[in-house]
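I opened a new notebook page for this structure. My plan is to look up a few places in turn and write down what I find.

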Amino acid sequence: MIERSGTLGEPEKAEEVNPYEVQSTAKDLKIREMPGVKNEKKLILHSKFVWGESEVFTARIDPEDNLIATGCSDGLIKIFDINLSKSLRSVFACIGEPIPITGLRWRPSTQINNTKNILVSCSADGNISYWHATTGKLIHRITEAGNQVLGIDFRSDGELLASGGKDYKVRVYDDDTKSLSVVFNGAEWQYTGHSNRVFAVKFLNDNPNMLISGGWDNTIQIWDIREGKSVGSIYGASISGDSLDYSKGTILTGSYRNKDQLQLWDLGERKLIETLDWGSNFDSAFIYGAQFSKNDGQYIIAGCVGNNQVRVFDRTQRNKAAFSIEGSSKGIYTVDFANNSSNFVFGGGEGIVYYICLLYTSDAADDLLCVDLGGRRIIKKKK
């Protein structure tokens, strides 16, 4: 039996990294530009972080875009340094037997919550755990007895944390006291709610009192914290992972099915805006992860099992697929954009996390005064 460590492990020496190997290239990974799209940027593989035999269920980049936290099927959390391209720390986050890590979030650093590098994990044993990634300490643990916590999300100010899981409920916690603020119950004959497992929760960044959630019941529930109930729902999305996002009145959903997988919805009108065209082999794209780019909302990324691909869509070009990443031997379970650039990570059944840079091509860069180079913005002199 593996015993819970209670703290994140010490930084690893180079010879101790295996099987958590860091490599700068991937021979079998294929990145190609999709036809019919004029790309001002190109995708470059920066590095890949190899877990070993464990599947990567979730990966998140920290707010400063320096660290990648990954959670796996064996209950381990691993933290990688992007700039140094090496493994830093690891933790066995479960109590007792290995239980999958189902979600990760970095707590936003604000004037109220100014402690940096706070990582929160959720797992299938019903635990929500707070870790200080720098010192390696377990700070706090919330237990939802009898539940499997399948998704979490912070409000942008870091003051509230939401969770969803097996028991159909969405819970909202006060981050300061770690106590429940509100519980949105599952559907009953007189109340609207979820009637099956909840896999994703998402606070609306332009309304601090609202959040959305999705799962196996094919509905997106819209919750109002002030009223303590669902104030609307949208039917049509089957969520099975961290594939629910929101940007400027538009909801993004990625569904685990063989058609109409990637869709945009109007929050105010509660209706479908568009189904994005995956392209070839669309009927083998069962989506587990989907997200808007965080820095400008220009791009959408989605990863799937079936054909084991990642697609990047450009919203400035009528939401067409701009890039395809292929060659993974197993499914893609998780995707995440950086916070200050359009770079991103993805991982899945291979036990590998890939970090991809989305960079301006040389021709496009010549026409710009400010160029994004791997997350660093270079100000060019005017001619």
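**Entry 1: the largest pocket.** I started with the lining of the largest pocket and counted 33 residues there. Arg60, Lys202, Asn205, Lys294 and Asn339 are the ones that lie nearest its centre. I noted at once that this is a predicted model. The volume of the largest pocket comes to about 810 Å³.

Which strand gives the most to this lining? I found that β20 does, with four residues. I then listed the strands that each supply at least two residues: β4 (56-61), β8, β12 (149-154), β16, β20, β24 (285-292) and β28 (332-337). Sorted by class, the lining has 13 nonpolar, seven polar and 13 charged residues.

**Entry 2: the second largest pocket.** Next I looked up the second largest pocket, which holds about 440 Å³ of space. Its lining is made of 22 residues. Nearest its centre I noted Phe57, Thr102, Phe199, Ser240 and Gly241.

Here β8 provides the largest share of the lining, four residues. At least two residues each come from β4, β8, β12, β16 and β28. By class I wrote down 11 nonpolar, eight polar and three charged residues.

**Entry 3: strand β20.** I went back to β20, since it gives the most to the lining of the largest pocket. This strand covers residues 244-247. Which way do its residues point? Leu244 and Tyr246 point one way, and Asp245 and Ser247 point the other way. I checked burial too, and all of them are buried. A general point fits here: side chains in a regular strand alternate between the two faces of the sheet.

I then looked for the partner of β20 and found β21 (residues 250-254), paired in the antiparallel sense over four bridges. Across this pairing, Tyr246 stands opposite Ile251. The two strands form a hairpin with two residues between them. In that hairpin I marked Lys248, which takes a positive phi near 50°.

**Entry 4: a four-stranded sheet.** I followed β16 next, as it supplies residues to the lining of both pockets. It belongs to an open sheet of four strands in the order β16-β17-β18-β19, with antiparallel pairing. Why does one side of β16 and of β19 have no neighbour in the sheet? Both β16 (198-203) and β19 (229-235) stand at the edges with a single partner strand each, so one side of each is left free of a neighbour. On average, neighbouring strands in this sheet are turned by 20° against each other, direction ignored.

Inside the sheet I looked at β17 (residues 210-215) and β18 (residues 219-224), which pair over five bridges in the antiparallel sense. Gly214 stands opposite Ile220 of β18.

**Entry 5: Asn117.** I picked one loop residue to follow. Asn117 is found between β8 (101-106) and β9 (118-123). What does Asn117 contact beyond its neighbours within four places in sequence? I listed Asp62, Leu67, Trp106, Trp131, His132, Ala133 and Thr134. I also checked Arg107, which is 10 residues from Asn117 in sequence. The C-alpha atoms of these two are 7.4 Å apart.

**Entry 6: the whole chain.** Last, I looked up the totals. The chain has one helix and 32 strands. It runs to 383 residues, and 55% of them count as buried. Among contacts with a separation of 6 or more, 50% join residues 24 or more positions apart.

Technical notes:
Residues numbered from 1 in each chain as written. Predicted model: local features only at pLDDT ≥ 70, side-chain atom pairs only at ≥ 80, totals over all residues. Heavy atoms only, no water. Contact = heavy atoms within 4.5 Å. Buried < 20%, exposed > 50% of the residue type's maximum accessible area, 1.4 Å probe, protein only. Pairing = 2+ DSSP bridges. Axes fitted to C-alpha atoms, helices over the stretch in contact; angles between N-to-C directions. 1 Å grid on protein atoms, 1.4 Å probe; cavity = no way out; pocket = protein on both sides within 12 Å on 5 of 7 lines; lining within 4 Å. Points joined across faces, edges and corners; volume = space filled by probe spheres on them. Nonpolar A, V, L, I, M, F, W, Y, C, P; charged D, E, K, R; others polar.
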